Amino acid sequence: MSRPRSDGRAVAPVLVLLGPAATGKSTVGELVSGLLGVAFVDLDAVADRYYPEVGWSVDRLVERIAVVGRGAAEREWEPARAHAVERAVAEHPGVVLALGAGHASYTDPACRDRVRAALAPVPHVVLVLPDTDREHALTVLRARSVASKGTDWVRDGHDFLAEWFDDPGTRNLAHRTFVTGTEDPAASARRLGATLG
């Protein structure tokens, strides 16, 4: 599945999942990893160890949000997010890797190019969406986000869910789009796993 090194070991994750918050990247990713018999890594869960390498942390992000607002702070944080993707891809060969929405969405083309280069050896980069219809997808994602994280992702008048859904950069990073629709996560995982041969 993943391009092997000369010693036969993988050089990159076998599958990277992208998408807005609440698309099911982690849920489906963990199930697919079980079907494939490989480890699952959620970048949101491990990124805190990579950000300090470039002078960032979640605490610094929170501080910057208080000073410049959420949108501007997120833009300042983009190089640290791109760094986290580079490090996670390099450090976790042979796994299923889920990138949080912010780890695949960039306003700075240089950061997006860094992530594209990091993902180049990954054989399957898949954008996960509940639906291709924007309004329906955003309704589903917002309801899931409120239920699971207590947020609708609207901050300072900015709709992050809509930004993540609409981001052409994220779509261009993906090799294809996988629509989960109304099926349960286990069925989506089986269907996605069957396409990875």
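**View 1. The largest nonpolar core of this predicted model takes in 46 residues.** If you want the busiest spots, look at Val16, Leu18, Leu43, Val85, Leu97 and Leu119, which have the most contacts inside this core. Several elements chip in at least two residues each: strands S1 (15–18) and S4 (125–129), along with helices H2 (43–46), H5, H6 (109–119), H7 (134–149) and H8 (160–166). H5 gives the largest share, six residues.

**View 2. Here we zoom in on Val16 and its contacts.** Setting aside neighbours within four places in sequence, Val16 touches Leu97, Leu99 and Leu119, plus Val122, His124, Val125 and Val126. Apart from the largest core there's another one, made up of twelve residues. Val14, Val32, Val126 and Ala189 are among them.

**View 3. Glu78 is a buried charge without a salt bridge.** Glu78 sits in helix H5, which covers residues 78–91. The nearest side chain of opposite charge belongs to Arg81, and that's 4.1 Å away. Salt bridges are counted within 4 Å, so this pair doesn't make the list. Leaving out neighbours within four places in sequence, Glu78 is in contact with Tyr106, Thr107, Asp108 and Cys111.

**View 4. The largest pocket has a volume of about 770 Å³.** Its lining is made of 41 residues, and those closest to the pocket centre are Ala21, Lys25, Asp44, Gly100 and Lys149. Helices H1 (25–36), H2, H3 (58–68), H4 (70–76), H7 and H10 (185–194) each put at least two residues into the lining. You've met two of these helices already: H2 and H7 also each supply at least two residues of the largest core.

Definitions and conventions
Residues numbered from 1 in each chain as written. Predicted model: local features only at pLDDT ≥ 70, side-chain atom pairs only at ≥ 80, totals over all residues. Heavy atoms only, no water. Helix = DSSP H or I, 4+ residues; strand = E, 2+ residues; numbered from the N terminus. Buried < 20%, exposed > 50% of the residue type's maximum accessible area, 1.4 Å probe, protein only. Lys, Arg positive; Asp, Glu negative; His and termini not counted. Contact = heavy atoms within 4.5 Å. Core = buried A, V, L, I, M, F, W, Y, C linked by side-chain atoms within 4.5 Å. 1 Å grid on protein atoms, 1.4 Å probe; cavity = no way out; pocket = protein on both sides within 12 Å on 5 of 7 lines; lining within 4 Å. Points joined across faces, edges and corners; volume = space filled by probe spheres on them.
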